[in-house]
Amino acid sequence: MRDAVIVEAVRTAVGKRNGALAPVHPVDLSAHVLGMVADRSGVDPGVVDDVVWGCVSQIGEQTFDIARNAVLAAGWPECVPGFTVDRQCGSSQQSIHSAAAGLIAGQYDVVVAGGVESMTRIPMASSANGMDPLGPRFAARYDVVPNQGVGAEMIADQWGLSRTRLDEFALRSHERAAAAQDAGLFVDEIAPIDVDGESFAQDQGIRRGGSVEKLAELKPAFRPHGVVTAGNASQISDGAAALLMTTSERAAELGLRPIARVHTAVLAGSDPIMMLTGPIPATEKALKRSGLTIDDIGAFEVNEAFASVPMAWQAETGVVDALLNPNGGAIALGHPLGGSGARIATTLLHHMRRSEIRYGLQTMCEGGGQANATIFELL
């Protein structure tokens, strides 16, 4: 029976808006991690059947099928194709799902999944190009235009999450990310990149020495008297990540040792106005389909698009603090939209291997009221 295993996972360090990665074209950013995943695994790029690449704002420098352009920019053989995926914030997690499905179905033997977003060079929502992406029939069904920030406020209301609690969660994200960075826990997963003669190898968004009092000075971002601020939301960022995937049988033929296999991969839809609650039903669905219980999972990554998202998820699942985003999340590390799913998977897989955790689960809220959930099993 065919399966889908990950044999290598790398990412760039995440750059903050107008930060270290701002000079790098997103095609070149993608090409960098493609090159590094091949170099670190020792795989000849010519054996790759496809590159499945997540990217949200597919306009300007990120259009014309950035997956294929990255393959060519990486210097890989012209016989290697690529296609670009948009499932909003979950785009590169969907890339992993699509790659796994292709492997199990026999359409692929070796495939790379990943994604990119340069939010500095291609601003968020720029792909709408001043037009209405929803249309009149959507407007007839829903009487408001969805807004993620307002959705985060709605979640805070429904789950009774105060401003102080959101800010405390944000501080914890920065503290955990700083501790992981100081301990060198991100070194193995980060592929340093040369930018203007300097090596960029550390996530830029981590802030040290913060306090609830300092965060309390920030103004609400979406409602005049709201609780969601720039301090308890994910950072606008630049970054890319890539995972080399194959089957157990092909890995053995190539002399590769898998890190983990894709145990379960599911999707869920949710209220598109509140928008960000999808990780809750997606997690429930993943556990049911896998035959595992919440107690079988040794690490959870729930994307910190806004602090209220993982906090509501935690309230529903009962997962203890120590297992949720143990090395910080997007509030500290950043959220380069189309690259985040692969970044989170890379961080989770390295954490699982380092800590000998058998099962890990990641899930993300996504535009339109959707979520991917993936369970990995350490091999």
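A salt bridge here is a side-chain nitrogen of Lys or Arg within 4 Å of a carboxyl oxygen of Asp or Glu. Keep that cut-off in mind for the tour, and remember that the model in your viewer is predicted.

**Stop 1: Asp50**

Select Asp50, which sits in strand β3. Which side chain of opposite charge is nearest to Asp50? It is Arg68, 8.3 Å away. Because a salt bridge has to fall within 4 Å, Asp50 has none, although it is buried. Now show the backbone of Gly82: its nitrogen lies 3.4 Å from a polar atom of the Asp50 side chain. Widen the selection to the contacts of Asp50 beyond four places in sequence, and you will find Pro81, Gly82, Phe83, Tyr108, Val110, Val111 and Val112.

**Stop 2: the strands around it**

Next, colour β3 (residues 50-54) and β4 (residues 82-85). The two strands run parallel and are joined by four bridges. Pick Val52 and look across to β4, where Phe83 stands opposite. Then add helix α2 (residues 66-73) to the view: β3, α2 and β4 together make a right-handed β-α-β unit.

**Stop 3: Gly338**

Jump along the chain to helix α12 (residues 337-355), where you will find Gly338. Is Gly338 buried or exposed? It is buried, with a relative accessible area of 0%. Draw a distance from its C-alpha to that of Cys89: the two are 5.8 Å apart in space, yet 249 residues apart in sequence. With neighbours within four places set aside, Gly338 is in contact with Gly54, Cys55, Val56, Ser91, Ser92, Gly115, Val116 and Glu117.

**Stop 4: Arg11 and its partners**

Time for charged side chains. Side chains of opposite charge can pair when their charged atoms come close. The count of salt bridges in this model comes to eleven, and three of them are worth a visit here.

Show Arg11 and Glu189 as sticks; their side chains meet in a salt bridge at 2.7 Å, N to O. Glu189 lies in the loop between α6 and β6 (193-195) and Arg11 in strand β1 (residues 5-11), so this pair ties together parts that are 178 residues apart in sequence. Both Glu189 and Arg11 are buried.

Stay on Arg11 and add Asp203. These side chains also meet in a salt bridge, at 2.8 Å, N to O. Asp203 is in the loop between β7 (198-200) and α7 (212-215), and this pair too links distant parts of the chain, 192 residues apart. Asp203 is buried, as Arg11 is. Select Arg11, Glu189 and Asp203 together to see the salt-bridge network that links them.

**Stop 5: Arg358 and Glu377**

For the last pair, centre on Arg358 and Glu377, whose side chains meet in a salt bridge at 2.9 Å, N to O. Arg358 is in the loop between α12 and β11, while Glu377 is in strand β12 (residues 370-378), 19 residues apart. Glu377 is buried, with a relative accessible area of 8%.

**Stop 6: helix α10**

Finish with helix α10 (residues 308-317). How many of its ten residues are buried? Seven are, so to picture the helix as mostly covered is right. Highlight Ser308, Val309, Pro310, Met311, Ala312, Trp313 and Gln314 to see the buried ones. They pack against α5 (148-158), α6 (163-182), α9 (279-290), β10 (299-302) and β11 (359-366). Step just past the end of α10 to Gly318, which takes a positive phi of about 80°.

How values were computed:
Residues are numbered from 1 along each chain as its sequence is written. This is a predicted model: local features need pLDDT of at least 70, side-chain atom pairs count only at pLDDT 80 or more; totals for chains, interfaces and linings use all residues. Side-chain values use heavy atoms; hydrogens and water are left out. Two strands pair if DSSP finds at least two bridges between them. A crossover is right-handed if, with the strands pointing away from the viewer, the path from the first strand over the helix to the second runs clockwise. Buried means under 20% relative accessible area, exposed over 50%, partly exposed in between (1.4 Å probe, protein chains only). Contact means heavy atoms within 4.5 Å. Lys and Arg count as positive and Asp and Glu as negative; His and the chain ends are not counted. A polar contact is a pair of N or O atoms within 3.5 Å; within protein, one must be able to donate a hydrogen and the other to accept it, and residues adjacent in sequence count only if both atoms are side-chain atoms.
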